[in-house]
Amino acid sequence: MAVTLIRSYSQWFQVSRMAALGGLLGVSACAAQVVTQPPPPPPPPPPSCSISTAPLPASDATITLDVSRKFQTIAGFGTSERLFDDPHLTNTFSQATQRGAVVVPPDQQALILKALYTDIGLTRVRYATEQGTEPVNDNADPNVTDLTKFNFAWKQLDGHVAFVQAVRPLGVTTWYGAPIYPEAWMSRTDPAEYVEWSLAMIRRWRDLGQTMPYWSIANEPGYEGGGVTLPATFIRDAVKIIGARLAAEGIPTRLVIPDDVNPTEALNRAQVVLADPAARQYVAAISFHLYDATFPPLNPNFASLAALSALAKQYGLPLWMSEWYTTDWFTWATTMHALLSDYNVSAVDYVWGFFGAWDLAQLIVIQSTGDTYTGFYRNKQFSVMGQYSAFVRPGTVRVSADAANDPAIRVSGYFDGTKVVVVALNVSNSDKAVRFELGAGIGCVRALTAMRTSSFESGRALPDVALDAPHFVTSLPAKSITTLVAQ
């Protein structure tokens, strides 16, 4: 078989779905099946393989997949978002424009967006609303909105609509807002005006032709460091009011709760909201952040995360991790694995897709000297994200993937009905030979594609090799994450 080298995530993701894993051992030719008449229902079994009689090489661990054992459906991967000219992005300010002094040229913006939404296939955008949209109360009636008192310009709202308009053609399917703080004049006990404020923003998105699929009631309502906390009863009552008003107006936006700072705070508020049937009917997802909850699970937040996962299962709701970051790429790799495999999280969002180099919480780093833009580069966390997001597409179901013999091998499996995706981590400091058993229900694997990130590689596509067997042995380098797609 001719060897084709894939040079980038973009080429990989858009063009070369039929690349295959290099370095595989113990494979042989597949016996073709001849169909002499139209196949009657039910469909015929998966094609069998012509298994080589040669023994497979020795391995340190065995990974077995079982596509009949299904878990959560994946909703996608994404990030929070700041506008390119937001002063906070580059920590600069221009008195002349009242925006960021560093200007990212349009062609560079396009390359950054392509990297995130085309090359690694992110599909989710979350933006944070800011105080100042309704700087003073429009009137005393929360059921009558005077839009002349609202400011939707630029980063208050309209700029984010324009951003979503730009990235939807690149594959974004989910976008939603999350208020950071209520307006200073708002009550922290009576949510009526808070709901009116939120509805004004949701309607604005609709009127501009970008109706939001979701709306988060509040960003981190339990974050005491922000100076504003919202009790669980406030969130519950806001959900009931805004849910009923959205339904009455025929706006299909669904609600996300509680989008809280860590699993413990999220559990405390989600339990109260979901215990109320009148509120629960409007909730589409449970979301949380991971601050103060560093993996491995050595603090109470992880008992709360297990309980939060159980709560989501109890009510048939997806569980989202909607914001976190780490400055260590392999910590991000092990965290993503734990979220998806141990806690049945269906959506994973990093904190920033792109951000200035003055901060380290981003996938793509925007560089500048003084007030002059000098380029961008991809953090290694970008490559780790792509190991999942470029291959595990929304609608794919996580399936059973068990690693035996070696606790240093951590693996998760995904199935979309036609192909199997395996993401394998080697957390040890030594290379490992691993045997993959693809299991019943998959049949003869015709080809494998593979991508790897390690200490010396970032999203490297491995060379092509033909494969026609239900098992194989390959090497996983020390401290690496490898994605394999079985066609």
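## A tour from an open sheet to a covered strand

Begin with three strands that form an open sheet, in the order β10-β11-β12, with mixed pairing. The edge positions belong to β10 (354-356) and β12 (372-378); each has a single partner strand, so one side of each is left without a neighbour in the sheet. Direction ignored, neighbouring strands here are turned by 25 degrees against each other on average. Keep in mind while looking that this is a predicted model.

Next, select residues 364-369, which make up β11. This strand runs parallel to β10, and three bridges join the two. For one pair to display, pick G356 and I366: I366, in β11, is the bridge partner of G356.

Now add residues 106-119, helix α3. Which strands does helix α3 touch as it packs on the sheet? The answer is β10, β11 and β12. Viewed against β12, the direction of α3 makes an angle of about 15 degrees.

The following stop is a loop. Select D328, which lies between β8 (319-323) and α10 (329-342). Is D328 buried or partly exposed? With a relative accessible area of 35%, D328 is partly exposed, because buried would require a value under 20% and exposed a value over 50%.

From D328, draw a distance to K380: the C-alpha atoms are 8.4 Å apart in space, while the two residues are 52 apart in sequence. K380 belongs to helix α11 and is buried there, so K380 leads to the next selection, residues 380-389. How many of the ten residues of helix α11 are buried? Ten of the ten are, so the helix is largely enclosed by the rest of the structure. Among the buried residues to click through are F382, V384, M385 and Y388.

The last stop is strand β17, residues 445-454. Nine of its ten residues are buried, so the strand counts as mostly covered. Two pairings of β17 can be shown in turn.

- Select residues 480-486, strand β21: β17 and β21 pair in the antiparallel sense over six bridges. Within this pairing, M451 stands opposite T483 in β21.
- Select residues 457-461, strand β18: β17 and β18 also pair in the antiparallel sense, here over three bridges. R452 stands opposite R460 in β18.

To finish, follow the chain from β17 into β18, where a hairpin joins the two strands through two residues.

Definitions and conventions
Residues numbered from 1 in each chain as written. Predicted model: local features only at pLDDT ≥ 70, side-chain atom pairs only at ≥ 80, totals over all residues. Heavy atoms only, no water. Pairing = 2+ DSSP bridges. Helix = DSSP H or I, 4+ residues; strand = E, 2+ residues; numbered from the N terminus. Axes fitted to C-alpha atoms, helices over the stretch in contact; angles between N-to-C directions. Contact = heavy atoms within 4.5 Å. Buried < 20%, exposed > 50% of the residue type's maximum accessible area, 1.4 Å probe, protein only.
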